[in-house]
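Colleague: Could you take a close look at the inside of this one for me? I'd like to hear about the enclosed empty space to begin with, and then whatever else is packed away in there.

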Amino acid sequence: MNDQIVTDMLINIHCAKCIGIDAVPVTVEIDIATGIGIHLVGLADAAVKESLLRTMTSLQSMGFRIPGRKIVINLAPADMHKKGSGYDVPIALGIIAASGQRDLPLLDRFLIMGELGLDGSIREVPGALPIVELAKNSGLKGCILPEASAIEAVEYEDIDVYAVKDLEDVLRILSGEELCDDLLARNHIADKCSPEADEDTFGYMDFSEIIGQEGAKRGVEIAAAGGHNVILIGPPGSGKSSLAKAMAGILTPMTLEESLQTSKIYSVAGKGNPAGGLIRQRPFRSPHYSASVAALLGGGSDNIMPGEISLAHNGILMIDEFCEAPKKILEILRAPMEDRKVTISRLKSKVEYPADFMLVAATNPCPCGYYGEGDRCTCSPSRRIAYLSKLSGPIMDRIDIQLWMNPIDTRKLVERRPSESSSTVAERVRKARNIQKARFAGEKIFCNSAMNNRQIEKYCPLSKECKALLERIIDRMGLSARACTRIIKLARTIADLAQEPDILPGHLSEAAGYRFLDKRDIFEV
């Protein structure tokens, strides 16, 4: 190695910081000058400051010298908080280059992130997908990431993503002396990240395993076809949780755009696809009803992480025992269900995460759970009303399909006749989704439930007969404007399942029939 310490060279390394599902550029500047000490500036948090000792130890273990001069490390821009251990590798490279111990001519052509181990190994960092996207948009030659992180981004084209295991691999790439194609992520893990790689990773319950409940199955099929929210109400053992879990098995695979959005959320949360590539299977999240507000919405101080609501983006958020949850937890769902995004504000930061999910709620009809089963219910009407009072008007307005599940008929339970399989139902859902995909091409939405008022006017025209029927339904049930628009969107989905180009009166009638909870006196008898 070169014994001469370079003292007049300023080294810049491209890095990044994730804010929401987007990455913003960060530059690590290293300067070695006359003086003593190592100085880290640029609003670094404790994890970044601790990296100094970790980085120096790692460099020494690999045979590099720590210059006995003043080393100034600046993380720019200086007014933005930097958090995490991903700046270890850039800092180490900056010291090596600034001290002249290695010639790294390609250092300014890559975006580099990674955590250093004391032996020079490189550990994964979260946010690989937004980081690679930033490098691509910035016109850089490529991106150098830890192997476990790089495999998330192998499907990005027009940019080289290198998967490295240790610091020596990074030095090989930056020296420019060899091609290093063996380190390209797409070359040595391409077989792991085919679009079909993760399709069968979840063992969902099959529809054929659920006995009876044909009406509820129909409602769940409609919900899956149009991306609608659904609540299942019934006594214990009626199959509410089983049907909710089976719903995940009839959903269509995500489109490329949906897959990229969901994968970026999981990447930022450090939960990227372990098999490599984008996440293709729609997420199914089922937090316990006692989960905290931060666990559902997301949170943190400087580094705001996504919560369960955002992790369910383009998939299902299932909450069992819905009416047992604190009312505060239920009410925080209102804004994300309507806006399809979560905005988390802190004193010095504000982050927005997408949250376009299907809510699948399951609850008993009363505290004892047996209302509707003859004399088994021991609850008074006032107790039943108090129990379901957590289902406030604003919440129920946002739930398109309300399903009452009766106990399973004894005869059906004993006979156990086979019913339709999930694959048969999924085929009908797929055809309906394909109709919506063609309908909304260029609209930046993917299903009927996401339509706004302008799109409803455009894609859901009603005949005179349908308008007259809708007026009667609104007057009889006392529906809000939001509930009215949701009935129209639900009718559009029912028409798509029937392969009908127009909404018919029968579609509106069926859609309105799924809003029985709007009848105020239903639990007073």
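Modeller: Counting cavities of 30 Å³ or more, I get three. Bear in mind that this is a predicted model, so everything here is computed from predicted coordinates. The largest cavity holds about 100 Å³ of space. Its lining is made up of G227, E258, R282, N314, G315, R340, D356, F357, M358, R433, F446 and C447. Sorted by type, that lining has five charged residues, four nonpolar and three polar.

The second largest cavity comes in at about 50 Å³. Around it you'll find G227, N229, P336, M337, R340, A355, D356 and F357. Here the split is four nonpolar, two polar and two charged. If you click through both linings, you'll run into some familiar names: G227, R340, D356 and F357 line the largest cavity and also line the second largest.

Now for the packed parts. In soluble globular proteins, nonpolar side chains tend to be buried together. In this model the largest nonpolar core has 110 residues, and L93, L174 and F322 have the most contacts inside it. Helix 2, residues 88-98, gives this core its largest share, with eight residues. Apart from that core lies another one of 55 residues, including I222, I250, V360 and A432.

F322 is worth zooming in on. Skipping neighbours within four places in sequence, F322 touches I231, L330, L333 and L359, and its contacts also include the run A361, A362 and T363. L391 and I395 complete the list.

What about the cysteines, and how many disulfides are there? Zero in the whole structure. Take C323: the nearest cysteine sulfur belongs to C366 and is 10 Å away, so C323 is in no disulfide, given that a pair has to be within 2.5 Å. C323 is also buried, with a relative accessible area of 1%. C368 makes a nice contrast. Its sulfur sits 3.6 Å from the closest cysteine sulfur, again in C366, and that is too far for a bond. Unlike buried C323, C368 counts as partly exposed, at 23% relative accessibility.

Methods:
Residues are numbered from 1 along each chain as its sequence is written. This is a predicted model: local features need pLDDT of at least 70, side-chain atom pairs count only at pLDDT 80 or more; totals for chains, interfaces and linings use all residues. Side-chain values use heavy atoms; hydrogens and water are left out. A nonpolar core is a set of buried Ala, Val, Leu, Ile, Met, Phe, Trp, Tyr and Cys residues joined through side-chain atoms within 4.5 Å. Buried means under 20% relative accessible area, exposed over 50%, partly exposed in between (1.4 Å probe, protein chains only). Helices (H or I, at least four residues) and strands (E, at least two) are DSSP runs, numbered from the N terminus. Contact means heavy atoms within 4.5 Å. On a 1 Å grid over the protein atoms alone, a cavity is a set of points where a 1.4 Å probe fits but cannot get out, and a pocket is an open set with protein on both sides within 12 Å along at least five of seven lines; lining residues have an atom within 4 Å of a point. Grid points are joined across faces, edges and corners, and a volume is the space filled by probe spheres set on the points. Ala, Val, Leu, Ile, Met, Phe, Trp, Tyr, Cys and Pro count as nonpolar, Asp, Glu, Lys and Arg as charged, and the others, Gly among them, as polar.
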